[in-house]
Amino acid sequence: MKNSFLTSVIALALLSGCSNSDYEGQDIAGSKAIILGSVEEIQTRASGTSWAAGDEIGVSITDGNENSTNILYVTETGNGTFAPDSGTDIYILGNGDKTFTAYYPFTGTEGTAAGTVSFNVSDKQNAATQPGIDFLFATATANRTNPQVAFTFKHMMSRVDLTFTNASGSEITGNVTYTLSNILVDGTFNTATGLVTAGSTAGSIDLTSSMGGTSSIILPAQVTTGAELVIEVGGKYYTATFNLTTEASKKHAFNVTLNAASEGATITITGAGIEDWGTGTGGDIPTNPDQPEATPGVNADNWGENGSVKDITSN
């Protein structure tokens, strides 16, 4: 019966006789959904400067039709225009706006909701693996007359950027090795709603950078007491403990200033402003360096949340 037709279907191979943009089966004219995707603000992902060729998203129409659930779309050139990977297009049927959702990166099986994905970020903080934990989510509407689905994706994790510089009079050079520990490193990502929930596993992240360089860490949003930062550069360790507060969809940028020019040399982490993802927090964390053979020890105060800053000075 005509009244029983669903308002949205997937065009399968049996529709090959139709035009590229129109569906005329089941007595109802329809239009093929055109999937476009940009990332909120400056069209960047945390792990790069643009979509990468081959990036995959999962697209669904939220009307309960299992045939338009978790369909794999791919951008082949990285320009934000997506095409179905298997040639299985989503067609929009009936009148009125239809609501679409999309998430990145794609997981699961086409036609079956991907559900909630578990993650652990402790071993995925490099250029090759970081895209897999840069969870993105978007919603959009389209209709048969205007089938362009223009997603604006939003970062669902939080990001911490550390830029390593010398204090005035200090001449530290070379590679920087650091460990950020006692932070929450696991959680879940709901592909239907975009919600990221931090878990309860405290872990550490080991990374390398260089003086003058910037290192990025992707984390689930969290309020963590007693996070520890240990930096090794130029034959010395610099350590500090502090409370770390990060927020979903926001980037927290810090200048890490190392000073080995005088007695009582310090590391100072200064809030350097927030580049959208959103508004985050910053602060100063000065510490004393120890020689490599020494075991770093700290006893530091905390810095506040929501943009308020105070110094943390270790013994």
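Ring pairs link W51, F82, Y104, F151 and F153 into a cluster. Two rings of Phe, Tyr or Trp (for Trp, the six-membered ring) are taken as a pair if their centres lie within 6.5 Å; planes under 30 degrees apart count as stacked, over 60 as edge-to-face, and the rest as tilted. The count under this rule is nine aromatic pairs. In one of them, the ring centres of W51 and F153 are 5.4 Å apart and the planes stand at 80°, so this pair is edge-to-face. The pair joins distant parts of the chain: W51 lies in the loop between β4 (34–39) and β5 (55–61), whereas F153 lies in strand β12 (residues 148–155), 102 residues apart. W51 and F153 are both buried. Here buried means under 20% relative accessible area, exposed means over 50%, and partly exposed covers the range in between (1.4 Å probe, protein chains only).

The model is predicted, and local features need pLDDT of at least 70, side-chain atom pairs count only at pLDDT 80 or more, and totals for chains, interfaces and linings use all residues. Residues are numbered from 1 along each chain as its sequence is written, and side-chain values use heavy atoms, with hydrogens and water left out.

The chain contains zero helices and 23 strands. Both kinds of element are DSSP runs numbered from the N terminus, with helices (H or I) of at least four residues and strands (E) of at least two. Of the 315 residues in the chain, 47% are buried. The accessible surface of the chain comes to about 14200 Å², and carbon and sulfur atoms account for 45% of this surface. Such areas come from the Shrake-Rupley method with a 1.4 Å probe, and for residues only the protein chains shown count as cover. Among contacts (heavy atoms within 4.5 Å) between residues at least 6 apart in sequence, 67% join residues at least 24 apart.

Strands of a sheet pair through backbone hydrogen bonds, either parallel or antiparallel. In the present analysis, two strands pair if DSSP finds at least two bridges between them. One open sheet has three strands in the order β10-β15-β16, with antiparallel pairing. Its edge strands, β10 (116–120) and β16 (196–198), each pair on one side only. The twist from one strand to the next averages 20°; axes are lines fitted to C-alpha atoms, for helices over the stretch in contact, and angles run from 0 to 180 degrees between N-to-C directions. Strand β10 is joined to β15 (residues 186–190) by five bridges, and F119 has G187 in β15 as its bridge partner.

A further antiparallel pairing joins β14 (residues 175–184) to β17 through nine bridges. Within this pairing, T177 is matched with T208 of β17. In a regular strand the side chains alternate between the two faces of the sheet. Strand β17 (residues 202–210) shows this alternation: G203, I205, L207 and S209 point to one face and are buried, while A202, S204, D206, T208 and S210 point to the other face and are not buried.

Parallel pairing occurs between β13 (residues 158–166) and β21, over eight bridges. Strand β21 (residues 251–258) is mostly covered, with seven of its eight residues buried. The bridge partner of R159 in β21 is K251. R159, D161 and K251 are also linked in a network of salt bridges.

Side chains of opposite charge can pair when their charged atoms come close. A salt bridge requires a side-chain nitrogen of Lys or Arg within 4 Å of a carboxyl oxygen of Asp or Glu. By this rule there are four salt bridges. Between R159 and D161, the closest N and O atoms are 2.9 Å apart, and both residues are buried. E247 and K250 likewise form a salt bridge, their closest N and O atoms being 2.9 Å apart. E247 is partly exposed at 25% relative accessibility, and K250 is partly exposed with a relative accessible area of 22%. The salt bridge of D123 and K124 has an N to O distance of 3.2 Å. D123 counts as exposed because its relative accessibility is 53%, whereas K124, at 29%, is partly exposed.

T77 is placed in the loop between β6 (71–75) and β7 (81–84). The relative accessibility of T77 is 61%, so this residue counts as exposed. T77 and D55 are 22 residues apart in sequence, with 9.1 Å between their C-alpha atoms.
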